[in-house]
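This report covers salt bridges and one core position. The sequence and the structure come before the details.

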Amino acid sequence: MRVLITGGAGFIGSHVADELAAQGHECVLLDALLPEAHGIVPTLDHELVIGDVTSPHVLRPLLSTVDAVCHQAAMVGHGVDPFDAPSYARHNDLGTAVLLAEMYRAKVSRLVLASSMVVYGEGRYRCLSHGVVRAERTAADLARGAYEPRCFCGDFVVSELVPEDAPLEPRSTYAATKLAQEHLAAAWARQTGGSVWALRYHNVYGPRMPRDTPYAGVASIFRSALQNGLAPRVMEDGRQRRDFVHVTDVARANVLALESPRPGFEAVNVCSGSPHTIGELAFALADACDGPTPEIVGGARPGDVRHVVASPAKALDVLGFEAEVDFATGVRAFASASQRESITSS
C-alpha cells in the first residue's frame with residue numbers, strides 16, 4: 001500500500017511514516033513546515049514534498065499515486081490568543097476540505113484522520129444524585145482555587161472514562177476546528193461511500209516533539225523548561241487527569257486503521273487506558289531529568305478543562321489496538337529523547 005501522509009514531517013506524522021515503512025508499506029510525505037512546529041527542515045528517511053495541503057495543485061499529482069491518505073496536517077495546541085483563529089481555520093478546516101475534494105477527484109476512498117480528545121471539551125462526569133451530567137466550572141470557583149466541576153445541583157462530580165459516543169463540546173479554537181474536520185470527513189464518507197477512521201488522540205508525547213513553542217503539548221512544554229534549567233510550571237493544583245499515550249503507540253494505531261478500511265465514518269479514542277495527573281507528569285519528568293522541582297502555580301486559562309480520560313475499549317474491539325508503552329517507561333525515555341529545534345534557533 002502506498003500512503004500519502006499530510007503533515008508527514010511533523011511529530012506524529014514522521015512516526016507514522018516510520019511504522020508504515022517497518023510494516024512494508026510505501027509512503028510519501030506532504031508538509032508545509034509551519035514554524036509553529038518546525039524550527040529547521042527535519043532529516044527524514046522518506047520522500048518529502050514541501051507544500052500546503054490547501055493547494056489542489058500540490059495535492060493532485062500526489063493523490064494520483066496513492067491508495068490511502070493519513071491526514072495529520074494541522075495547526076495544533078491551545079494557541080496564543082484569538083488572533084490565531086484564522087490560521088487554525090485555514091490550516092485545519094480549509095485544508096481538510098480541499099484534501100477531501102481532491103481525494104474524490106482522484107478516486108482515493110480511504111482516509112485516516114488525526115482527530116483529538118479536545119472535541120469532547122470537559123470529560124465525562126457523574127453526580128451522585130443525578131447520574132451522568134454536563135459539568136461546569138464557574139469563574140468564582142476557579143478564582144478561589146476550587147477546580148473540580150460541579151453538577152447543576154451544585155454538588156461536585158466524579159470523573160469517568162469518556163466513550164466515543166459522549167457529547168462533543170469543544171472549548172477552544174483548536175478544538176472547534178478539530179470537530180469541524182470530523183464533520184467534513186463524515187459528510188464526505190456519506191457522499192462518496194468512502195472509509196474514514198477519526199483517531200481521537202489523547203495527550204501524545206515522545207521523541208521529536210517541538211520544543212520552546214506555545215503550540216506544543218504539555219509534555220513538551222515541561223521538558224523544554226527542564227532542558228533550559230527551569231522548573232516546570234503546573235497550573236491549577238496539578239491534579240487534572242489526562243491520558244498520556246506514547247507516539248509509537250499512536251503510530252501503530254494509524255497503521256492498523258490504514259490496514260482496516262470499513263465503509264463510513266468511525267471515531268476511536270487512541271489512548272493508553274491508564275490516566276495520570278498533569279502534576280504526576282511534571283514530577284516524573286523532573287525526576288528523570290534530575291531537574292528543578294515543579295512549581296504548582298494555580299490559575300486556569302479560558303477554555304481549560306479539568307479531566308479528560310478516555311475509554312480504550314472501542315479501539316481494542318474494532319482495531320485490535322492496545323497501547324504497549326507504559327507511563328513510567330515512556331516518561332523516562334522522553335526525558336532524554338531528541339526534540340525538534342526551537343523556532344527561535346532556526
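Which residues are linked in a network of salt bridges? The network is made up of Glu122, Arg137, Glu148, Glu236, Asp237, Arg239 and Arg306.

## Model and salt-bridge total

The model is predicted. In total, the structure holds 27 salt bridges. Three pairs are described below, followed by a leucine and its contacts.

## Aspartate 18 and arginine 208

Aspartate 18 and arginine 208 form a salt bridge through their side chains, with an N to O distance of 2.7 Å. Aspartate 18 belongs to helix H1 (residues 11–22), while arginine 208 sits in the loop between strand E10 (203–205) and helix H6 (218–227), so the salt bridge ties together parts that are 190 residues apart in sequence.

Are these two residues buried or partly exposed? Aspartate 18 has a relative accessibility of 28% and therefore counts as partly exposed. Arginine 208 is also partly exposed, at 25% relative accessibility.

## Glutamate 136 and arginine 134

A salt bridge joins glutamate 136 to arginine 134, and their closest N and O atoms are 2.5 Å apart. Glutamate 136 counts as partly exposed because its relative accessibility is 29%, between the limits of 20% and 50%. Arginine 134 has a relative accessible area of 53%; this is over 50%, so arginine 134 is exposed.

## Glutamate 182 and arginine 200

The side chains of glutamate 182 and arginine 200 also meet in a salt bridge, at 2.9 Å from N to O. This pair links distant parts of the chain, 18 residues apart: glutamate 182 lies in helix H5 (residues 173–192) and arginine 200 in strand E9 (residues 195–201).

Are glutamate 182 and arginine 200 buried or exposed? Both residues are buried.

## Leucine 113 and its contacts

Leucine 113 is part of strand E5 (residues 110–116). Its relative accessibility is 0%, so leucine 113 counts as buried.

Which residues does leucine 113 touch, leaving aside those up to four places away in sequence? The contacts are His71, Gln181, Glu182, Ala185, Trp197, Ala198 and Leu199. Glu182 is thus a contact of leucine 113 as well as the salt-bridge partner of arginine 200. For Ala185, another of these contacts, the C-alpha to C-alpha distance from leucine 113 is 8.1 Å, with the two positions 72 residues apart in sequence numbering.

Conventions
Residues are numbered from 1 along each chain as its sequence is written. This is a predicted model: local features need pLDDT of at least 70, side-chain atom pairs count only at pLDDT 80 or more; totals for chains, interfaces and linings use all residues. Side-chain values use heavy atoms; hydrogens and water are left out. A salt bridge is a side-chain nitrogen of Lys or Arg within 4 Å of a carboxyl oxygen of Asp or Glu. Helices (H or I, at least four residues) and strands (E, at least two) are DSSP runs, numbered from the N terminus. Buried means under 20% relative accessible area, exposed over 50%, partly exposed in between (1.4 Å probe, protein chains only). Contact means heavy atoms within 4.5 Å.
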